[in-house]
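Trainee: I have some questions about the words people use when they describe a model like this one. Could we go through them together?

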Amino acid sequence: MKIPEHPTLIRRMRDSRVKQLTPRGPVLAGSLVQIAKHCGRPGCHCQRGQKHVGWYLTRTVAGKTQTTYVPLTLLKEVQGWIQEYHRLKTLIAEISQLNRELIRTEVTQRQRSSPKSSS
Ligand SMILES: [Zn+2]
C-alpha cells in the first residue's frame, strides 16, 4: 500500500477502507492444512503405510497449535470463512497504518506552523 503525504488523501484512503469493513459472511481465524494420520484401528490399511489424509484447521493459542478436524462436507464453507477473516484483518491493518500516518502528519504540521515553540 502506497501512502499519500497529504492528510486529506490519507483520510480518503482510510475512509474507503472503513466502508469495506463490513463482514460479507462468517469469519474464522486459522489456516487449513492437510494432515496424514494413523487411526489406531487394528488391521486398518493405515498401519501398512497408507495413512488417512484429512483437512484440519490450525490456529495458535498462547504459543500452542490447536487443531480441529474439518469434514469434507464443510471444507468449501470453512475456506470462505477463513478468506473473509483475512480480508477484514488486512483492512484493519491498513486502516491502523493510515491512522498512524495521520497522527505523524499532524505532529509534523504543528512543528512547521510553530517553529519558535521548540527548544
Ligand atoms: Zn486407519
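Mentor: Happy to; we can take the metal site and then a helix, keeping in mind that this is a predicted model.

Trainee: Which residues coordinate the zinc ion?

Mentor: The donors are Cys39 (SG), Cys44 (SG), Cys46 (SG) and His52 (NE2), at 2.0 to 2.3 Å. Along the sequence, these donor residues follow the spacing C-x4-C-x1-C-x5-H.

Trainee: Why is the site of the zinc ion called tetrahedral?

Mentor: Four donors earn that name if all angles lie between 85 and 135 degrees. Here the angles among the 4 donor atoms are 102 to 116 degrees, so the site counts as tetrahedral. For reference, the ideal angle for four tetrahedral donors is 109.5 degrees.

Trainee: What makes cysteine 46 buried?

Mentor: Buried means under 20% relative accessible area. Cysteine 46 has 0%, so the label fits.

Trainee: And why is histidine 52 called partly exposed?

Mentor: Its relative accessibility is 27%. Partly exposed covers what lies between under 20% and over 50%, so histidine 52 belongs there.

Trainee: Turning to helix H1, how do you know that its buried residues line one face?

Mentor: Those residues are Pro7, Ile10, Met13, Arg14 and Arg17. Viewed down the axis of H1, they fall within an arc of 125 degrees, so they line one face of the helix. Arg12 and Lys19, on the other side of H1, are exposed.

Trainee: What do the buried residues of H1 pack against?

Mentor: They pack against helix H2 (72-113).

Notes
Residues numbered from 1 in each chain as written. Predicted model: local features only at pLDDT ≥ 70, side-chain atom pairs only at ≥ 80, totals over all residues. Heavy atoms only, no water. Donors = N, O, S within 2.8 Å, 3.2 Å for Na, K, Ca; no water. Tetrahedral: all angles 85-135°; square planar, octahedral: opposite > 155°, others 65-115°. Buried < 20%, exposed > 50% of the residue type's maximum accessible area, 1.4 Å probe, protein only. Helix = DSSP H or I, 4+ residues; strand = E, 2+ residues; numbered from the N terminus. Arc of directions from axis to C-beta. Contact = heavy atoms within 4.5 Å.
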